[in-house]
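Me: I'd like to learn how to read a structure like this one, feature by feature. Can you walk me through it?

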Amino acid sequence: MRWSQTLIPTQKETPADAQIISHQLMVRAGLIRQLTAGAYDFLPLGLRSLQKASAIVRQEMNAIGAAEVLLPALQPLELWQKTGRDVSYGENLFKLKDRHGRMIVLGPTHEEVITELVSAYINSYKQLPLSLYQIQTKFRDEFRPRFGLLRVREFMMKDAYSFHADLDSLNRTYDDYYRAYERIFTRCGIPYVIVEAESGPIGGSASHEFMAACSAGEDLLVTSDKGNYAANVEKAETGRRESTFGGDPTGPLEKVHTPHLPGIEDVGKFMKVKPKNMLKTLVFRTTNAGPTLESGVNPRWVVAVVRGDHDVNESKLSRAAAEHFQVRGIELVDDEQVRAKWPIGFVGPDAAIKALDAVMLVDPDAAQGGFWAAGANEIDYHVKHFNWFRECGQPLADPKKVVVADIRNAIEGDPSPKNDGGTLRTSRGIEIGHVFKLGTKYSDALGAQFLDDQGNQHPLIMGCYGIGVGRILIAAVENGHDERGIIWPAAIAPFSVVITPIKYDGEVKSAADRLYEQLNAAGIDTLLDDRDARPGFKFADADLIGIPIRINIGDRGLKEGKVELKKRTAAEAELVSIEQIVDKVREMI
């Protein structure tokens with residue numbers, strides 16, 4: 001491609017609305033341009049990189065026996081209503097009504113559609129397992145699109161789905177995708193870490209995320225300094241932390257008036273108490289309480305208590321409530337029903353002890369003696385010198401009423417769950433791939449069944465596997481750049497080589513044209529900068545775009561039969577014989 005024949009609108013200034021480096025450089029390098037909030041034009045260079053990443057994804061999907069399909073972006077709302085995800089996706093789901101009054105969804109993902117498709121054709125165990133994938137545009141009505149391609153409303157995604165007759169088959173295919181993802185990100189030149197993850201609105205029994213480092217990433221990664229544990233903060237466990245509830249009271253219970261203070265930080269400042277010495281008590285309403293427990297408690301409420309400087313992890317809390325109290329679903333809400341029962345914002349742990357329809361889960365760091373401040377169970381009041389045994393009494397020791405469990409987000413410095421002396425560290429990252437074991441969630445809801453060898457019907461067992469193709473580009477730029485611009489991994493650079501004639505005329509033009517033809521004939525995708533511009537301007541643009549190899553051609557070098565060859569990451573160029581340049585470039589890439 002000749003520079004004069006394409007669209008590469010580079011710019012020197014950093015866009016005012018670009019907050020992270022990948023957004024800044026991809027706009028400055030002329031790869032993308034925002035059309036409207038959360039929707040971007042892919043310009044020629046950006047599209048070339050996107051297509052190269054897609055080609056690698058496609059090759060690895062085909063290599064494990066997945067067959068490519070292309071499914072509609074327009075999906076009937078009824079399918080989403082059958083699985084309940086029209087509710088769980090909430091306002092992120094784009095909905096529209098056609099001229100006949102039918103409700104349609106712009107697909108953010110395709111679990112419902114692919115399950116409906118497979119149920120129409122697969123009816124026997126002999127047709128299983130089956131893997132299908134697509135690379136297609138998705139739509140999510142993000143409330144606040146930001147960070148360039150990181151959080152958008154329209155994006156390119158590879159989503160794959162597998163269908164099985166038994167769990168062993170699912171596990172084998174899950175491992176195939178897991179290894180394929182390792183190869184994809186390695187080939188794309190993306191540094192990544194694999195973490196245990198929550199399934200979120202997709203659902204399922206197990207999942208792993210493939211994360212790339214990004215200082216502005218929205219995901220918090222938790223890893224052990226021993227190198228043997230990694231998880232998303234939503235999933236991350238901690239090692240053993242002792243709890244006693246013990247210790248004598250630090251003083252008589254002191255009631256403090258705390259009006260008009262919106263958060264625990266403000267309350268702490270007013271009371272002159274550090275958040276780590278406060279008990280944060282949150283009340284969750286159960287959505288499926290299950291049977292009355294042996295203690296006589298019917299748990300309509302789950303009360304969670306953590307230290308004031310910690311955050312409740314709802315996924316952990318939900319699992320602990322299910323394990324210990326047979327509660328199948330919780331929700332943190334603040335409405336009239338809740339406020340009629342609880343003084344939200346001022347609840348103390350002792351309120352859960354007194355409530356016959358509530359159970360309590362306490363994080364080990366909160367289940368300690370010493371000085372505590374807590375809610376006073378009265379609007380606009382807190383207490384100092386809260387003591388667990390004095391205020392809560394004997395029910396505190398009843399495991400049918402109160403359980404100590406890991407229910408908070410892991411933080412820097414926590415013990416590793418491997419209990420091997422490791423310490424947890426945190427870092428920021430972005431999700432570039434995710435694999436799920438879905439089980440039968442969607443096949444049950446949509447009636448997708450098969451007959452076994454005895455003629456009995458069973459729901460199809462499913463797996464789901466996604467890659468954000470655009471996020472591969474983000475990860476590459478976030479992890480590969482310097483003060484001059486992007487440093488692309490060779491596999492997904494828009495071009496492998498750029499030829500920059502010092503002045504595009506005479507012998508230099510002839511030599512540049514010949515070399516351009518030779519490189520392209522050798523299968524090396526090459527950009528020829530045929531602009532009438534100063535050499536320094538051309539060099540700066542080439543570095544900004546991040547093309548791995550630059551060949552500079554000038555009169556002085558040609559007199560010796562040589563050209564300058566410079567790697568994007570090298571400090572200096574080297575002189576190479578023009579007869580050897582094609583072989584040299586092929587060797588380098």
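Me: Let's start with lysine 276: is it buried, partly exposed or exposed?

Reply: This is a predicted model, so all that follows is read from predicted coordinates. Exposure is judged by relative accessible area: under 20% is buried, over 50% is exposed, and partly exposed is in between. Lysine 276 has a relative accessible area of 43%, so it is partly exposed. You'll find lysine 276 in the loop between helix 7 (264–271) and strand 14 (279–286).

Me: Which residues does lysine 276 touch, leaving aside its neighbours within four places in sequence?

Reply: Contact means heavy atoms within 4.5 Å. For lysine 276 the list is Arg307, Asp309 and Trp372. You can also compare distance along the chain with distance in space. Lysine 276 and alanine 366 are 90 residues apart in sequence, yet their C-alpha atoms are 9.0 Å apart.

Me: What about asparagine 92 and alanine 373: how far apart are their C-alpha atoms?

Reply: That pair is separated by 39 Å, with the two positions 281 residues apart along the chain counted as sequence separation. Asparagine 92 sits in the loop between helix 4 (85–88) and strand 5. With 30% relative accessibility, asparagine 92 counts as partly exposed. Beyond its neighbours within four places, asparagine 92 is in contact with Arg140, Asp141, Glu142 and Phe143.

Me: Strand 5 came up there. Which strand does strand 5 pair with, and in what sense?

Reply: To read pairing, look for bridges between two strands, then check their direction. Strand 5 (residues 94–97) pairs with strand 6 in the antiparallel sense, over four bridges. One partnership to look at is lysine 97, whose bridge partner in strand 6 is methionine 103. Strands 5 and 6 form a hairpin with five residues between them. In the turn, glycine 101 has a positive phi of about 85°.

Me: Where does strand 4 fit in?

Reply: Strand 4 (residues 74–76) runs antiparallel to strand 6 (residues 103–106), and three bridges join the two. Glutamine 75 has valine 105 as its bridge partner in strand 6. A handy general idea when you look at such a sheet: in a regular strand, side chains alternate between the two faces.

Me: Glycine 101 had a positive phi. Which residues have a positive phi although they are not glycines?

Reply: Two to look at are phenylalanine 245, with a phi of about 60°, and asparagine 419, with a phi of about 50°. Both are in loops: phenylalanine 245 lies between strand 12 (230–232) and strand 13 (254–257), and asparagine 419 between strand 20 (402–404) and strand 21 (424–439). Their surroundings can be read from accessibility. Phenylalanine 245 is buried at 9%, whereas asparagine 419 is partly exposed at 35%.

Me: While we're on the backbone, where is there a cis peptide bond?

Reply: For this one, check omega. The bond from leucine 128 to proline 129 is cis, with omega near 0°. Proline 129 is in the loop between helix 5 (111–121) and strand 7 (130–139).

Me: Now a histidine. Why does histidine 382 count as buried?

Reply: Because its relative accessibility is 7%, and buried means under 20%. Histidine 382 is in strand 19 (residues 381–384). Its side chain makes a polar contact of 2.8 Å with the side chain of threonine 258. Not counting residues up to four places away, histidine 382 touches a list of residues including Val256, Met271, Phe346 and Ala374.

Me: And aspartate 350: buried or exposed?

Reply: Aspartate 350 is buried, with a relative accessible area of 10%. Aspartate 350 belongs to helix 10 (residues 349–354). Apart from neighbours within four places, it is in contact with Asn377, Phe386, Glu391 and Cys392.

Me: Let's zoom out. How many helices and strands are in the protein chain?

Reply: There are 17 helices and 31 strands. Of the 589 residues, 51% are buried. The C-alpha trace spans about 95 × 65 × 55 Å along its principal axes. Among contacts with a separation of 6 or more, 71% are between residues 24 or more positions apart. As for charge, the chain has 71 positive and 80 negative side chains, and the centres of the two sets are 2 Å apart.

Definitions and conventions:
Residues are numbered from 1 along each chain as its sequence is written. This is a predicted model: local features need pLDDT of at least 70, side-chain atom pairs count only at pLDDT 80 or more; totals for chains, interfaces and linings use all residues. Side-chain values use heavy atoms; hydrogens and water are left out. Two strands pair if DSSP finds at least two bridges between them. Buried means under 20% relative accessible area, exposed over 50%, partly exposed in between (1.4 Å probe, protein chains only). Lys and Arg count as positive and Asp and Glu as negative; His and the chain ends are not counted. The place of a charge is taken as NZ of Lys, CZ of Arg, CG of Asp or CD of Glu. A polar contact is a pair of N or O atoms within 3.5 Å; within protein, one must be able to donate a hydrogen and the other to accept it, and residues adjacent in sequence count only if both atoms are side-chain atoms.
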